[in-house]
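Please open the model in a viewer and keep the sequence panel visible. The tour below proceeds by selection, each stop giving what to select and what is found there.

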Amino acid sequence: MITRKYLLKFPEKAVGKPLIYHLVKDYDLTVNIYRAKIDPDDIGYMVLDVSGRESDIERAKIFFDENEIIVTETMNGMRWDKERCVSCGTCITHCPSNALYIVDRKTMEVSFNNEKCIECMNCISHCPFKACSSIFNSSISE
Ligand code: SF4
Ligand code: SF4
């Protein structure tokens, strides 16, 4: 059993399709959706974990391809901009998973662990320097 984190971008014609149903029923996968959005141009975005046998995940990727769904691995709905971060520490107490954490108690440098982020988006509203943002509030590069 393995887990992959994906950002899916799906075209207008795939938006109405029962994507999750197919992943569960046809590919025997477990799905944990963090975020989903359809933009004004009817392009859909979804951040999710997909768990199952590697062979089934590979089969599901063919299904994504067939439906012109663009898959980006290990990408979060939350983005942390290291250049903007001034390590003020404001976000630390608002991050429930310690994805934002203090690297070194002496320097109080803050960093971000993508693997721990649970996409709660608390940090976005609490960061005074806009170092945290959501991909759903900005354009997504492929
Ligand atoms: S989105 Fe939530 S879990 Fe992820 S870094 Fe921000 S506060 Fe932490
Ligand atoms: S609140 Fe923003 S600027 Fe301050 S440590 Fe967190 S991410 Fe960096």
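Colour the chain by pLDDT to begin, bearing in mind that this is a predicted model. Among the elements of the protein, the lowest mean pLDDT, 78, belongs to helix α1 (residues 12-15), whereas β7 has the highest, 96. Over the protein the average is 87, and 93% of the residues score at least 70.

Next, switch to a cartoon of the protein. Four helices and eight strands should appear, and along the sequence they follow the pattern β-α-α-β-β-α-β-β-β-β-α-β. Viewed along the principal axes, the C-alpha atoms fill a box of roughly 50 × 35 × 20 Å. The protein has 142 residues, of which 22% count as buried. Among contacts between residues at least 6 apart in sequence, 64% join residues at least 24 apart.

Now colour residues 2-73 as domain 1 and residues 78-137 as domain 2. The centres of domain 1 and domain 2, taken over C-alpha atoms, are separated by 27 Å.

Within domain 2, select residues 100-104 and 109-112, which are strands β6 and β7. The two strands run antiparallel and are joined by four bridges. Display D104, which stands opposite E109 in β7. Together β6 and β7 form a hairpin, with four residues between them.

Which residue in the turn of this hairpin has a positive phi? Select M108, in the loop between β6 and β7; its phi is near 60°, a positive value in a residue other than glycine. Most residues other than glycine have a negative phi. M108 counts as exposed because 12 other C-beta atoms lie within 10 Å.

Keep M108 on display and add G89, which is found in the loop between β5 (78-80) and β6. Leaving aside residues up to four places away in sequence, G89 touches I102, M108 and V110. A distance drawn from G89 to L100, C-alpha to C-alpha, should read 9.0 Å, although the two residues are 11 apart in sequence. Is G89 buried or exposed? G89 is exposed, since 12 other C-beta atoms lie within 10 Å.

Move on to E119, in the loop between β7 and α4 (122-126). Here too phi is positive in a residue other than glycine, at near 65°. E119 has 19 C-beta neighbours inside 10 Å and therefore counts as partly exposed.

Centre the view on ligand 1 and show the 15 residues around it. Those that come nearest are C95, A99, C117, C120 and C123. Coloured by class, the shell around ligand 1 divides into 11 nonpolar, three polar and one charged.

Finally, centre on ligand 2, which has 13 residues around it. Label C85, C88, T90, C91 and C127, the residues that come nearest to ligand 2. How many charged residues does the shell around ligand 2 have? There are none: the shell consists of 10 nonpolar and three polar residues.

Terms used. Residues are numbered from 1 along each chain as its sequence is written. Chains are lettered from A and ligands numbered from 1 in the order in which they are written. This is a predicted model: local features need pLDDT of at least 70, side-chain atom pairs count only at pLDDT 80 or more; totals for chains, interfaces and linings use all residues. A residue is near a molecule or strand if its C-beta atom, placed from the backbone, lies within 6 Å of it. Ala, Val, Leu, Ile, Met, Phe, Trp, Tyr, Cys and Pro count as nonpolar, Asp, Glu, Lys and Arg as charged, and the others, Gly among them, as polar. Domain bounds come from an automatic or database domain assignment. Two strands pair if DSSP finds at least two bridges between them. pLDDT is the predictor's confidence in each residue, from 0 to 100. A residue is buried if 20 or more other C-beta atoms lie within 10 Å of its own, exposed if 12 or fewer, and partly exposed in between; C-beta atoms are placed from the backbone. Two residues are in contact if their C-beta atoms, placed from the backbone, lie within 7 Å.
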